[in-house]
Amino acid sequence: MTGLSLFQITLVVDDYDRAKSYYCGVLGFECVEDTAQGEGKRWVVVRPGKDGVALLLAKAATDTQKAAIGNQTGGRVGFFLSTDDFSRDHSSFLEKGVKFLEQPRTMPYGTVAVFEDIYGNTWDLLEPAKSS
């Protein structure tokens, strides 16, 4: 198949405004859309830049959905945030209170550190290694 691309994934959250404030205000994502859908539902889409996958912030409505908040990938790192300047973004995130679970490390694929979002989902902040 050609012409397919992954452009958006759902992230289950407890509150639209709390999630939007965190992803946009703390992590620096852009709010692409925030549209009321009636009955308290909204279509809230955020993205960490012009390219890449966007997150649809979906408010949990059932007990099963609420139980998935913060554990959407079963405890594995589930989200990978690429940067062109690891030091800049790592420092900025620390200043804004982002909780890193480890010290930065250099791997063959780049400089990386794992952090938790406000819900406990784990993310890699990653500056890919430069090609030689």
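Two residues are said here to be in contact when heavy atoms of theirs lie within 4.5 Å. The structure to which this term is applied below is a predicted model.

The overall fold may be considered first. The protein contains three helices and nine strands. From the start of the sequence to its end, these elements follow the order β-α-β-β-β-α-β-α-β-β-β-β. The radius of gyration is 16 Å, close to the 14 Å that the globule rule gives for 132 residues, so the protein is as compact as a globular protein of that length. Along the principal axes, the C-alpha atoms fill a box of roughly 50 × 40 × 25 Å.

The interior and the surface can be described in similar terms. Of the 132 residues, 33% count as buried. When contacts between residues at least 6 apart in sequence are taken together, 53% of them join residues at least 24 apart. The protein exposes about 8,100 Å², and carbon and sulfur atoms supply 50% of that area. As for charge, there are 14 positive and 18 negative side chains. The centres of these two sets lie 2 Å apart.

Helix α3 shows how a single element is placed within the fold. This helix spans residues 86–95, and its buried residues are Phe86, Asp89, His90 and Phe93. Seen down the axis of α3, these buried residues fall within an arc of 100 degrees, so they line one face of the helix. A general property of helices bears on this arrangement: an α-helix has 3.6 residues a turn, so residues three or four places apart point the same way. The face of α3 turned away from the buried side carries the exposed residues Ser87 and Glu95. The buried residues of α3 are covered by parts of the protein that include the helix α1 (16–26). The cover also includes the strands β5 (79–82), β6 (99–100), β8 (110–116) and β9 (122–128). After α3 comes Gly97, whose phi is positive, near 90 degrees.

Strand β9, one of the elements covering the buried residues of α3, holds Asp124. Is this residue buried or exposed? A residue counts as buried under 20% relative accessible area; Asp124, at 8% relative accessibility, therefore counts as buried. Apart from residues up to four places away in sequence, Asp124 touches Val77, Phe79, Phe80 and Leu81, and also Val112, Ala113, Val114 and Phe115. Val112 is 12 residues from Asp124 along the chain, and the C-alpha atoms of the two are separated by 6.3 Å.

Two further residues are exposed. Phe7 is located in the segment before β1 (8–13). The cut-off for exposed is over 50% relative accessible area; with a relative accessibility of 57%, Phe7 therefore counts as exposed. Which residues does Phe7 contact, leaving aside neighbours within four places in sequence? They are Gly52, Val53 and Ala54. Phe7 and Lys59, which are 52 residues apart in sequence, are 20 Å apart in space, C-alpha to C-alpha.

The other residue is Glu39, in the loop between β2 (30–38) and β3 (41–47). Glu39 is exposed, with a relative accessible area of 82%. Although Glu39 is not a glycine, its phi is positive, about 55 degrees.

Methods
Residues are numbered from 1 along each chain as its sequence is written. This is a predicted model: local features need pLDDT of at least 70, side-chain atom pairs count only at pLDDT 80 or more; totals for chains, interfaces and linings use all residues. Side-chain values use heavy atoms; hydrogens and water are left out. Helices (H or I, at least four residues) and strands (E, at least two) are DSSP runs, numbered from the N terminus. The radius of gyration is taken over C-alpha atoms; the globule rule is 2.2 Å times the number of residues to the power 0.38. Buried means under 20% relative accessible area, exposed over 50%, partly exposed in between (1.4 Å probe, protein chains only). Accessible areas come from the Shrake-Rupley method with a 1.4 Å probe; for residues, only the protein chains shown count as cover. Lys and Arg count as positive and Asp and Glu as negative; His and the chain ends are not counted. The place of a charge is taken as NZ of Lys, CZ of Arg, CG of Asp or CD of Glu. The arc is that of the directions from the helix axis to the C-beta atoms.
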